[in-house]
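This report describes how a protein model and its ligand are arranged. Please examine the sequence and the structure shown below before reading on.

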Amino acid sequence: MALERTLSIIKPDAVAKNVIGEIYTRFEKADLKVVASRMKHLSRAEAEGFYAVHRERPFFNALVEFMISGPVMIQVLEGEGAVLKNRELMGATNPKEAAPGTIRADFADSIDANAVHGSDSLENAAIEIAYFFPATDVHAR
Ligand code: RTP
Ligand code: MG
């Protein structure tokens, strides 16, 4: 499997619950390295741009409102098969359907407040990483 990078966001609900460290520990135990990170309170325009693929979906406004409700922790994760590995660590979008032991099963409250975002493909990972980080702020190690 190839070395990949993926974009992860710890959403406002999980930041408010003070579980940034617990979630980072899961990345580390899965051999994913944090190669960039930044806490940020997204503007409405930033959140709308980030989730632009969902603009026509019925949940778009609720999603944007939630994502700007407090600061988020944004990171680039690097590792073998990082995109799929991070999605597996996250669990299903709806925490009620997330497998036991996944981040969403353990920390998420609802399909809206679901603790984490992760890129869903290598192609989207590159787009999402560039959305938040200039190349000089991502550190190979
Ligand atoms: P994310 O992009 O945040 O990592 O989540 P995801 O890939 O698992 O899910 P996605 O389909 O990309 O949806 C983005 C976020 O929109 C909310 N959502 N609500 N009510 C609904 O049916 C519904 N579907 C999606 C979720 O908060 C999801 O994380
Ligand atoms: Mg998604």
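## Chain and domain

Helices (H or I, at least four residues) and strands (E, at least two) are DSSP runs, numbered from the N terminus. Over residues 3–140, the chain is 40% helix and 20% strand, and the C-alpha atoms at the two ends are 11 Å apart. UniProt, in an unreviewed entry, lists these residues, 3–140, as "domain: Nucleoside diphosphate kinase-like". UniProt positions follow the numbering used here, feature names are shortened, and annotations may be inferred rather than shown by experiment.

The model is predicted: local features need pLDDT of at least 70 and side-chain atom pairs count only at pLDDT 80 or more, while totals for chains, interfaces and linings use all residues. Residues are numbered from 1 along each chain as its sequence is written, chains are lettered from A and ligands numbered from 1 in the order in which they are written, and side-chain values use heavy atoms, with hydrogens and water left out.

## Surroundings of ligand 1

Around ligand 1 there are 14 residues (a heavy atom within 4 Å), of which K11, Y51, T93, I111 and N114 come nearest. K11 is placed in the loop between β1 (3–10) and α1 (12–16). Both α5 (82–90) and β4 (116–118) supply at least two residues of the shell.

## Polar contacts

A polar contact is a pair of N or O atoms within 3.5 Å; within protein, one must be able to donate a hydrogen and the other to accept it, and residues adjacent in sequence count only if both atoms are side-chain atoms. Oxygen atoms of ligand 1 lie 2.7 Å from an N or O atom in the side chain of Y51, 2.8 Å from a polar side-chain atom of N114 and 2.9 Å from one of H54.
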